[in-house]
Amino acid sequence: DACAYGEASILLTSALAVIGRTPARDSPGRAAGYDELRLDLLCMLVSAQGHAGDVRGARQSRVLAIRLAHQLGNRRGLTRAYTAYDAPTLWTTREYQEQNQELIAGLASTLALVPPDDPVARCRLLATLAPETEATDAQRTDEASGEAIEIANRLDDPVLLCRALNARYRYIAMLGPDRWGELDDLGKRQLDVAVTHGLTAYRTQAHHILCMAQLARNDLDRAQWHLDRAAEHATSGQLGLALAIIGMFKGLRELIAGRFAAAEAAYAPILAELRHLGSPGIDEVDLLIRFCIEHARPEPGRQQRMAALAALARPAHDRYGDAVAEPYVRLLIAAGRPDQARTVWHPGTPIPRDHYWFRWTALRAENAVHLGDLTTAAVCYQQLLPWQGHLPGLLHAHITLGPVDHTLGDLAAALGSPTRASRHYADAMVVAERVGAPHWMARARAAGNDIREPSHGRAGA
């Protein structure tokens, strides 16, 4: 329970402060004993903070634990420090695009020290490594999470298995629809293990995974059911975030329905609460939500609103560069600044195969159409074609760009294939109708009726 974990965090912090004020030790053995005790307390603090929902605090305390473990040079201490964050995750635990190379290298070196007769340590380290590499090294994430599940299965350890399944679902969720079917099996297995063994926090996470499985099918109502169950079974440490995710999903459904003012009203308090909680990457999420609303809203004044968003997005682009170039370029185009857009657009740079790949590739396709880059348009068409019937971003339950079929229609029309374009626009209408998006239906219908015009697509620039 988060109240208990919160109290534990306070007590552990106080204990660490007392140890820090302890007079100089009178013998090496006694000093080592104090350091071992301090490491124990730090590792317990990391776990308590994680379960209480204090993500930033837990990661900061883990840095201290790892530093002390390296000073002690004890392999078991290193393993414990690196794996001390053991709370299941409903939201990212890292800043956007921030890969902690030092942490990843330390995990890898500690893994190399684990002897064959300690599979539990290896499983915990692998399950910790996988989420840290999920956005930058898909193969490593695949291998680490897969081996963690194999070990947990062999040991028949329910807690280890749930921890490994947590690592695995994050890997599957960043891939294409050809793998999204695995989310069902992952979520159902985690739910079964969690219910059987009374692992309440993992029960909540299982429903979160199953929500994503339903979103992969564009089934918003069934996804809502699982989000409600996730909140119903959430521990106190998870409840705030579980309710925030439900609030974000409400904003998403208003966006899909074309009720843009209602979407803004639904998102605003949730973003404020997540910012108050110190959730990683919330500023970037806020910008992305605003972008998606304006991307969908075909109202007067859109160019001015996009220009204002472009100004807000510039610091993120200055910081992350090509990692966020596609939405920034799209903003500049929509703001009526195509020349500036061309100066910062590098379509030859590969988009990392992470959970942003789908939405960023869809935006690269739009940028290619608007900037007249037919070579990039042809590449994007082939990359997006397997994703027919899906909405970029929908899987993660807080934003979407609308049916990718519409983007495929725009690409086909730009590439001189009106018949294919017409088919894609018709498919976009079907998808939009299923999710309850009359504005996207109308837009696809208009594009299908007008594909031979020199200008087409989603509400101009």
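Okay, quick definition before the first helix pair: the axes I'll talk about are lines fitted to C-alpha atoms, for helices over the stretch in contact, and the angles between N-to-C directions run from 0 to 180 degrees. And keep in mind that this is a predicted model.

So, α17, residues 325-334, and α19, residues 357-371: their axes sit 9 Å apart and the packing angle is about 35°. The crossing is left-handed. On the α17 side you've got Glu326, Pro327, Val329, Arg330 and Ile333, and they meet Trp360, Leu363, Arg364, Glu366, Asn367, His370 and Leu371 of α19. By type, that contact has six nonpolar, two polar and four charged residues.

Next pair: α21, residues 404-414, with α22, residues 418-435. Here the axes come within 7 Å and cross at roughly 165°. Angles over 145 degrees count as roughly antiparallel, so that's what we call α21 and α22. This crossing is left-handed too. The α21 residues in the contact include His406, Leu408 and Ala412, while α22 brings, among them, His424, Tyr425 and Val431. The split is seven nonpolar, three polar and four charged.

Last thing, the largest pocket. How much space lies in there? About 600 Å³. It's lined by 28 residues, and the closest to the centre are Ser47, Thr83, Asp86, Arg124 and Arg163. The elements that each give two or more residues to that lining are α2, α4, α6, α8 and α11. As for what the lining is made of, we have 12 nonpolar residues, seven polar and nine charged.

Definitions and conventions: Residues numbered from 1 in each chain as written. Predicted model: local features only at pLDDT ≥ 70, side-chain atom pairs only at ≥ 80, totals over all residues. Heavy atoms only, no water. 1 Å grid on protein atoms, 1.4 Å probe; cavity = no way out; pocket = protein on both sides within 12 Å on 5 of 7 lines; lining within 4 Å. Points joined across faces, edges and corners; volume = space filled by probe spheres on them. Helix = DSSP H or I, 4+ residues; strand = E, 2+ residues; numbered from the N terminus. Nonpolar A, V, L, I, M, F, W, Y, C, P; charged D, E, K, R; others polar. Parallel < 35°, antiparallel > 145°, perpendicular 65-115°, else oblique. Left-handed = near helix turned anticlockwise from the far one by under 90°. Contact = heavy atoms within 4.5 Å.
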